[in-house]
There are 2 protein chains.
Amino acid sequence: MHTSIATVCLSGTLEEKLEAVASAGFDGVEIFTQDLVVSPTAPEELRERAGDLGLSLDLYQPFRNGVELDPVAFDDALRRLHRTGDLMGRLGTETLLVCSNVSPDAVADDDLVAEQLHRMGDVAAEHGIRLAYEALAWGTHVNGHDHAHRLVLAADHPHVGTCLDSFHILSAGGDPSSIEEMDPGRIFFVQLADAPLMHLDPLSWSRHHRVFPGEGDFDLVDVMARLVRSGYAGPISLEIFNDSFRQADVHRTAVDGLRSLRWLEDRTRAALAPEIGSGRTRDRLELQPLPAISAPSGWDFVELRTTDLGDTTRLLHRLGFRLGGHHRSKEVQVWLQGSARIVVSEAGGSTRREPHIDPRERTDAHSVAEVSGLGFELSDPGAAFQRSTALGSAPVPRHELPGEAPLRGVWAPDGTEIFFGPTPDGSAPGWLSEFGVEEDALGTSDLITGIDHVNVAQRWQHYDEGVLFYTSVLGLGSTPAQDVPGPSGLVRSQVMRSPDDAVRLPLNLAPTAAEQGSFVGVAYPEHIALASEDVREVARRAIHRGLEFLEIPENYYEDLVTRFGLDEETVSELRELNLLYDRDEHGEFLHFYTRTLGDVFMEVVERRGYRGFGAEDAPVRLAAQYRLRSART
Amino acid sequence: MHTSIATVCLSGTLEEKLEAVASAGFDGVEIFTQDLVVSPTAPEELRERAGDLGLSLDLYQPFRNGVELDPVAFDDALRRLHRTGDLMGRLGTETLLVCSNVSPDAVADDDLVAEQLHRMGDVAAEHGIRLAYEALAWGTHVNGHDHAHRLVLAADHPHVGTCLDSFHILSAGGDPSSIEEMDPGRIFFVQLADAPLMHLDPLSWSRHHRVFPGEGDFDLVDVMARLVRSGYAGPISLEIFNDSFRQADVHRTAVDGLRSLRWLEDRTRAALAPEIGSGRTRDRLELQPLPAISAPSGWDFVELRTTDLGDTTRLLHRLGFRLGGHHRSKEVQVWLQGSARIVVSEAGGSTRREPHIDPRERTDAHSVAEVSGLGFELSDPGAAFQRSTALGSAPVPRHELPGEAPLRGVWAPDGTEIFFGPTPDGSAPGWLSEFGVEEDALGTSDLITGIDHVNVAQRWQHYDEGVLFYTSVLGLGSTPAQDVPGPSGLVRSQVMRSPDDAVRLPLNLAPTAAEQGSFVGVAYPEHIALASEDVREVARRAIHRGLEFLEIPENYYEDLVTRFGLDEETVSELRELNLLYDRDEHGEFLHFYTRTLGDVFMEVVERRGYRGFGAEDAPVRLAAQYRLRSART
């Protein structure tokens with residue numbers, strides 16, 4: 001598959017964009033007119049630079065309001081087309097995107113449009129270029145891909161074809177099934193864009209909210225499958241107008257973009273496998289599969305990196321964790337309870353690659369405690385690692401001594417180290433022996449039984465990227481996002497979960513420019529939620545051991561009675577133990593929060609059938625954390 | 001008029017909100033349930049605190065899904081209502097907002113709903129509270145204000161009335177004219193919210209995009225006028241769900257909110273003046289007028305504050321400005337050309353009150369050049385000053401020596417000092433004599449004739465606030481916003497202009513969290529655009545004097561030929577002089593940009609009938625500025 005991306009997706013100068021696109025591994029690029037116009041690089045020089053980078057310049061775009069015109073305006077359009085043809089000659093670009101007309105003056109006359117396209121085809125032929133006519137969803141008269149295709153057929157010119165754009169097709173409720181019936185020789189170009197479903201006018205939706213395939217709600221596998229069936233063999237290109245991408249670092253957006261295409265290619269290949277295998281469909285796009293997905297069967301470990309070793313281990317002890325031991329060659333210790341394994345590493349400061357906190361905004365640059373790594377148990381760790389690197393993730397460098405279990409990992413877009421471990425044969429993973437943990441030292445009747453979920457903060461520029469990473473690499477599914485109000489703004493929360501719920505990973509997007517309290521978004525605390533079947537007993541013992549709970553206001557407990565009609569006895573026990581309570585149609589939920597340490601806190605949860613994450617209680621937590629932080633600063 | 005605001009509009013803790021609301025000058029407040037639930041302050045204590053602050057607690061809200069229910073659910077709603085009544089007794093709040101039901105299980109039976117409202121009225125009476133039933137725009141069955149009002153009339157209970165919310169009425173396309181016919185004794189509460197017109201589902205629109213009156217597109221003067229005609233005399237309250245307000249500093253949001261109500265009150269009073277004067281309408285809301293608006297008739301001066309005095313004055317000299325003189329008592333000088341007066345003040349660093357740049361993000365904290373003040377010529381400067389302070393603006397402290405012209409000013413939300421000067425009798429303002437400028441020293445045939453526009457950057461949290469400030473204080477009108485793409489993100493631009501175009505003030509909103517190039521949003525350059533009738537001659541002389549122009553790429557000139565069909569001779573002159581070109585249906589536009597100095601640059605423009613601001617050329621400028629900045633860092 002020839003992969004391409006429009007320069008308009010990316011931030012920076014045209015020269016920076018080309019470099020990032022090439023280094024991410026794309027085959028080609030679409031040149032957006034405005035990117036060229038603002039650039040000091042001459043077209044010939046750009047052609048040469050692209051060549052040096054191994055990139056083809058697949059498309060020049062857009063040629064606007066150039067067709068569906070009255071005769072005077074059309075003459076001027078032909079003049080512009082001649083100039084554009086000259087320019088494309090210098091660029092060495094063959095295909096020009098011609099958009100359907102969006103002006104109120106556009107002429108609604110299919111015969112005339114076909115004739116104009118034909119005349120434009122003659123000009124294109126003179127310049128050795130070809131025209132890909134595209135129906136914009138908000139085109140005045142031509143706004144359906146079938147209509148544009150009919151006009152192309154009527155124009156009947158070898159230099160005139162159509163361009164298909166998944167956003168324009170799907171946002172307007174178009175039926176992509178007709179793609180299969182199209183003459184692939186008439187499809188000159190394909191642009192892909194995904195988008196979240198919104199009830200918004202198509203123009204605003206398209207200009208600001210497009211995302212890469214897999215980051216939105218459109219069924220792009222279906223579109224791709226139909227393209228393959230049609231016999232199309234040309235470039236597959238990303239054209240994403242997105243406010244965040246325009247601000248984000250150009251290199252990571254390019255990596256994110258190629259990941260989305262590789263993922264889509266893999267999914268489409270899988271969906272079409274029976275047809276291709278039986279020869280019913282010929283795969284002229286040459287879709288390449290990725291190493292198979294290996295969904296996590298559980299948490300291998302969570303790593304906390306801390307400069308406050310005393311505070312961190314005291315917190316774990318008070319929650320009932322036992323020190324398993326110290327690693328024989330690294331400054332790392334492991335704490336155990338049930339199947340929860342918390343690796344604590346000593347750090348002189350944050351080493352997270354992409355801190356979720358702007359380092360300038362930390363309250364205390366010298367005191368760090370953060371979730372730095374997530375270890376997953378997988379049936380095939382090697383395949384998972386290969387899949388993730390094929391999807392553009394950078395490997396985490398690790399030193400292993402002879403005899404130590406190999407452990408490979410990559411960086412998630414949020415800067416967390418993601419490790420791929422094997423699903424253990426017995427009750428505990430083999431690597432514990434490197435910490436001197438004896439098999440019989442493992443607890444069998446611990447109050448905390450394992451990890452319920454881990455909550456990771458995302459920076460807003462990388463939220464969609466994070467969702468796609470966890471989807472494409474680990475096969476986690478996403479649930480609809482929820483907004484949680486806090487004193488410094490809304491916190492967006494979206495839960496990623498493995499198919500059997502063995503792993504739950506809520507991603508939180510905190511406001512980054514909050515000026516009230518300089519709290520959320522500035523240092524949005526992440527957390528590890530531990531599972532228990534008796535959270536009240538965990539809380540009782542923790543109180544005895546001196547754990548600092550997050551204090552819950554009395555008004556909350558009174559509201560619990562109003563909302564749920566709980567009896568006074570139940571509520572007074574909750575109050576005494578600092579517990580919070582929620583309920584859904586599946587059952588009850590009891591939980592408590594510890595105070596924040598560095599940028600992380602712990603939660604202990606007891607699910608009695610409940611499937612949520614206590615979103616109703618999150619505002620109470622955010623307000624309490626805000627008050628503590630305000631009191632400190 | 002009794003002014004009120006819902007706590008949900010504001011950031012911070014409940015205690016911080018109350019303090020900010022009182023200090024902004026509101027009369028009362030609506031308590032949002034969740035704000036109380038997350039607060040450690042007991043209801044009685046809160047009542048006392050509000051009393052100390054001089055605030056009434058006007059409404060407790062919302063009581064959700066409490067009506068339109070099956071009998072079992074309704075029993076539980078009554079139980080909740082009893083508990084809520086108890087709580088309101090402790091709070092000392094009389095009115096409870098009851099929302100129409102949004103659940104798919106809501107019962108569509110008007111007789112039943114009226115009966116349920118009546119039974120709820122009995123419970124309310126027991127607790128000495130009253131219920132204000134409101135139709136949400138997305139209510140399952142009750143989603144129109146007329147419908148809710150009919151149900152209230154049918155319930156026929158002295159403790160049951162209706163709550164009107166302008167957003168729910170206008171977003172659903174409701175007709176507010178029926179408000180006039182309502183029994184004012186049945187209107188228990190009024191909430192106001194404005195919003196930009198969007199094609200978005202009402203729930204998302206309401207939850208994220210509400211703004212204060214005057215900051216959106218709804219006709220709230222009409223709603224208010226109808227309320228006055230109805231005879232309503234109760235609180236007028238703001239209920240604004242807005243993502244930005246939730247993050248912004250609570251004090252400034254409160255000031256912004258009260259400004260919007262005072263402005264609305266004034267506008268409504270003016271609209272109703274004939275009716276009230278003739279006794280046809282009785283103003284039971286007691287609307288107070290503001291000092292009359294005085295639209296600027298021109299620019300008195302623009303003040304540049306700089307640490308680079310040499311560079312700044314060199315730039316002015318190269319543009320043809322003459323040093324008018326030095327102020328006799330301040331470290332300030334004035335530069336003159338045509339009617340353009342640039343006051344240059346020496347500063348040890350930024351003294352702008354609300355820097356548009358986060359000080360931590362400046363490239364060079366020691367080199368500052370910025371637009372620090374805007375002086376306007378007004379027919380009644382005293383009234384303008386009084387109006388602005390009545391609208392909550394803080395006066396700028398100034399020291400004047402005896403014999404010096406008094407000059408009063410306030411801070412705009414963006415931190416610029418806004419000065420209200422008199423419209424001069426002669427050709428030049430009297431204050432020039434303080435700089436030792438002689439009348440006959442004023443040029444009469446300067447190439448630069450005056451100030452065309454001044455472009456001021458806004459921080460994103462304060463954009464709507466800025467628009468309302470310039471609208472309400474100076475009577476500027478706003479044009480629809482435009483997005484301009486730059487290498488670090490979209491820059492939103494909205495032009496504020498006086499009715500006769502004597503003053504044009506584009507407000508620019510730059511991305512604040514850009515990570516690409518750390519340029520725009522971080523130090524978005526502002527600018528002063530100077531008017532000339534011969535920009536080519538200005539450019540020629542400036543070249544001769546060594547002005548550093550912003551360099552325009554050759555690709556831009558080639559594209560000009562393509563777009564406009566300009567001849568080679570014209571284009572080669574543009575190229576030679578670093579000029580840019582645009583055209584609209586009114587005429588042509590020629591202009592050039594200087595390089596940026598600190599955070600400001602200059603533009604010289606020649607309008608040949610053209611009415612725009614060269615938005616097509618802004619991306620070229622942004623890209624060039626980005627390249628220069630990248631090269632420097």
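The domain bounds used here come from an automatic or database domain assignment. With that in mind, let's walk through this structure, which is a predicted model.

Start with chain A on its own. Chain A splits into domain 1, covering residues 3-277, and domain 2, covering residues 298-632. If you take the C-alpha centre of each, domain 1 of chain A and domain 2 of chain A sit 43 Å apart. The two still touch: 16 residues of domain 1 of chain A are in contact with 16 residues of domain 2 of chain A. Between them, domain 1 of chain A and domain 2 of chain A bury about 1,400 Å², and 55% of that is on carbon and sulfur atoms. On the domain 1 side of chain A, look for Arg252(A), Arg259(A) and Trp263(A), which lose the most area to domain 2 of chain A and together make up 49% of what that side buries.

What about charges at this boundary? Two salt bridges are counted between domain 1 of chain A and domain 2 of chain A. The residues on the side of domain 1 of chain A that touches domain 2 of chain A come out as five nonpolar, five polar and six charged. Five residue pairs are also found in polar contact across the interface of domain 1 of chain A and domain 2 of chain A, counting pairs with both residues at pLDDT 80 or more. If you'd like a salt bridge in chain A to zoom in on, try Arg387(A) and Asp266(A), whose side chains meet at 3.3 Å, N to O.

Now bring in the other chain. How many residues of chain B are in contact with chain A? The count is 62 residues of chain B, and they touch 62 residues of chain A. As a general point, an interface's size is often given as the accessible area lost when the parts come together. For chain B and chain A, the buried area is about 4,900 Å², with carbon and sulfur atoms giving 50% of it.

Between chain B and chain A the count is two salt bridges. The side chains of Glu558(A) and Arg90(B) meet in a salt bridge at 2.7 Å, N to O. There are also 30 residue pairs in polar contact between chain B and chain A, both residues being at pLDDT 80 or more. Several elements of chain B each supply at least two residues to the side that touches chain A, including helix H4 (71-91), helix H10 (250-277), strand E19 (489-497) and helix H17 (618-632). The one that gives the most to that side is H15(B), with eight residues. Sort the residues of the side of chain B that touches chain A by type, and you get 24 nonpolar, 20 polar and 18 charged.

Salt bridges turn up elsewhere too, with 68 counted over all chains. One to look at joins the side chains of Arg90(A) and Glu44(A), at 2.5 Å, N to O. Arg90(A) belongs to helix H4 (residues 71-91) of chain A and Glu44(A) to helix H3 (residues 43-53) of chain A, so this pair ties together parts that are 46 residues apart in sequence.

Next, the annotated sites. In an unreviewed entry, UniProt lists His453(A), His527(A) and Glu603(A) under "binding site". These residues span 151 residues in sequence, yet no two of their C-alpha atoms are more than 9.4 Å apart, so they gather at one spot. To find His527(A), follow strand E21 (residues 526-532) of chain A.

UniProt, again in an unreviewed entry, also places a "binding site" feature at Glu134(A), Asp165(A), Gln191(A) and Glu239(A). This group spans 106 residues in sequence, but no two of the C-alpha atoms are more than 13.1 Å apart, so these residues gather at one spot as well. Glu134(A) is in strand E5 (residues 130-134) of chain A.

Finally, a few backbone details. Most residues other than glycine have a negative phi, and most peptide bonds are trans. Against that background, the peptide bond from Gln61(A) to Pro62(A) is cis, with omega near -10°. Pro62(A) is in strand E3 (residues 56-63) of chain A. In chain B, a cis peptide bond joins Gln61(B) and Pro62(B), with omega about -10°, and Pro62(B) is found in strand E3 (residues 56-63) of chain B. Asn65(A) is not a glycine, although it has a positive phi of about 45°. You'll find Asn65(A) in the loop between E3 and H4 of chain A.

Notes:
Residues are numbered from 1 along each chain as its sequence is written. Chains are lettered from A and ligands numbered from 1 in the order in which they are written. This is a predicted model: local features need pLDDT of at least 70, side-chain atom pairs count only at pLDDT 80 or more; totals for chains, interfaces and linings use all residues. Side-chain values use heavy atoms; hydrogens and water are left out. Contact means heavy atoms within 4.5 Å. Buried area is the accessible area (1.4 Å probe) that two parts lose on being put together, summed over both. A salt bridge is a side-chain nitrogen of Lys or Arg within 4 Å of a carboxyl oxygen of Asp or Glu. A polar contact is a pair of N or O atoms within 3.5 Å; within protein, one must be able to donate a hydrogen and the other to accept it, and residues adjacent in sequence count only if both atoms are side-chain atoms. Helices (H or I, at least four residues) and strands (E, at least two) are DSSP runs, numbered from the N terminus. Ala, Val, Leu, Ile, Met, Phe, Trp, Tyr, Cys and Pro count as nonpolar, Asp, Glu, Lys and Arg as charged, and the others, Gly among them, as polar. UniProt positions are given in the numbering used here, feature names are shortened, and annotations may be inferred rather than shown by experiment.
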